[in-house]
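Open the model in your viewer and keep the selection panel within reach. We will go stop by stop, and each stop says what to select and what is there.

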Amino acid sequence: MRRTVGLWWVVLTAVGIAVYAPLPYLTDTLRHLARSDVGIAATYVDQPGWAQAALYVHICFGGLALLVSPTQFVVRLRTRFPGFHRLCGRVVIVAMIVAGVAGLVMAPANMAGPVGTAGFGTLAVLWTTFAVAAYRAIRRGDVAAHRRWATRAFALTYAAVMLRAWPLVLVPLQTAFGVDEVTAFDRSYLVDSFLSWVPNLLFAEALLRRNRGRRAVPQGAGSSRASLRMTASASSAAETTLSRSTLSGTSESRW
């Protein structure tokens, strides 16, 4: 039950941010968004054209990756519609790679300074690397490795959600201690350059380790049961042979 609720929470928040985040940038100019203080528009409005282009590419392809990725974790879709699963997988991997490269280009111009460059830059490199690793694994037929790399890649994709969720906690926490709201947001965004994705990745690794352990237990249990059945069969056969020998000896003594 908890697993189902958690899955639906991830799906709904991913789809919500995938639709909500790119929408202002697709319906208005960057300069007007900057005047209205929408998102990170003010950070990039005076940047060179290549940086602004990277921003739009990152937003669009990152949103696409976030929107389509949840379909890859639905078991029924994978088993009943494998062609659809493969098609969505290709879309997700391409979107992750393109958005990751664009994110790396954007990183030096972020609003959190050198710390943000390190945090968001590392995120972009790992995101692209994991997506490529997932693709290479499925190309060589290693489904288990593909799923592991895809899980890690989605954990980093979900940073788009946590980047917006953490300030809802961190900003009020600081303002409660007398910090003004602007300073509180700047500080939270600074921390967010790592906090938005590092816990996600740690959680994904813990989940993968737990699932791997669960798979190992049934296999061992199955082997133990098989050994017990073989031992029981051998004991039964030995008892039968012994009984027959005893009866045969008794019959011979009678004759």
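The tour below starts with the whole chain and then moves to single helices and residues.

**Stop 1: the whole chain**

Bear in mind throughout that this is a predicted model. Show the chain as a cartoon and colour it by secondary structure: you will find 12 helices and zero strands. Read from the N terminus, every element is therefore an α, in the order α-α-α-α-α-α-α-α-α-α-α-α.

Now switch on the surface. The chain exposes about 15800 Å², and 66% of that comes from carbon and sulfur atoms. Of the 255 residues in the chain, 34% are buried. If you draw a contact map, look at the pairs at least 6 apart in sequence: 69% of those contacts join residues at least 24 apart.

**Stop 2: helix H8**

Select residues 113-139, which form helix H8. Does the distance between the ends agree or disagree with the expected span? At 1.5 Å a residue, its 27 residues should span 39 Å, and the end C-alpha atoms are 39 Å apart, so the two agree. Then step just past H8 to Gly141, where phi is positive, at about 85°.

**Stop 3: two salt bridges**

Next, look for charged pairs. Side chains of opposite charge can pair when their charged atoms come close. With a cut-off of 4 Å between nitrogen and carboxyl oxygen, the count comes to two salt bridges.

Select Asp46 and Arg31 for one of them; the closest N and O atoms are 3.7 Å apart. Asp46 sits in the loop between helix H4 (41-44) and helix H5 (49-68), while Arg31 belongs to helix H3 (residues 30-35), so this pair ties together parts that are 15 residues apart in sequence. On the surface view, Asp46 is exposed, with a relative accessible area of 65%, and Arg31 is partly exposed at 43%.

Then select Glu205 and Arg152, where the closest N and O atoms are 2.4 Å apart. This salt bridge links distant parts of the chain: Glu205 is in helix H12 (residues 198-254) and Arg152 is in helix H9 (residues 143-157), 53 residues apart. Are the partners buried or partly exposed? Arg152 is buried because its relative accessible area of 11% falls under the 20% cut-off. Glu205, at 24%, is partly exposed.

**Stop 4: Gln72 and Arg86**

Move to Gln72, in the loop between H5 and helix H6 (75-80). Although Gln72 is in a loop, it counts as buried, at 14% relative accessibility. Which residues does Gln72 touch, leaving out those up to four places away in sequence? Show Arg78, His85, Cys88 and Gly89 as sticks to see these contacts.

Add Arg86, which is found in helix H7 (residues 82-106). Arg86 is partly exposed, with a relative accessible area of 48%. Draw a distance between the C-alpha atoms of Arg86 and Gln72: these residues are 14 apart along the chain, and the separation is 8.8 Å.

**Stop 5: Ser193**

Finish in helix H11 (residues 181-195), where you can select Ser193. Hide the surface to see this one, since Ser193 is buried with a relative accessible area of 0%. Around Ser193, beyond residues up to four places away in sequence, the contacts are Val115, Gly116, Gly119 and Phe120.

Notes. Residues are numbered from 1 along each chain as its sequence is written. This is a predicted model: local features need pLDDT of at least 70, side-chain atom pairs count only at pLDDT 80 or more; totals for chains, interfaces and linings use all residues. Side-chain values use heavy atoms; hydrogens and water are left out. Helices (H or I, at least four residues) and strands (E, at least two) are DSSP runs, numbered from the N terminus. The expected span of a helix is 1.5 Å times one less than its number of residues. Buried means under 20% relative accessible area, exposed over 50%, partly exposed in between (1.4 Å probe, protein chains only). Contact means heavy atoms within 4.5 Å. Accessible areas come from the Shrake-Rupley method with a 1.4 Å probe; for residues, only the protein chains shown count as cover. A salt bridge is a side-chain nitrogen of Lys or Arg within 4 Å of a carboxyl oxygen of Asp or Glu.
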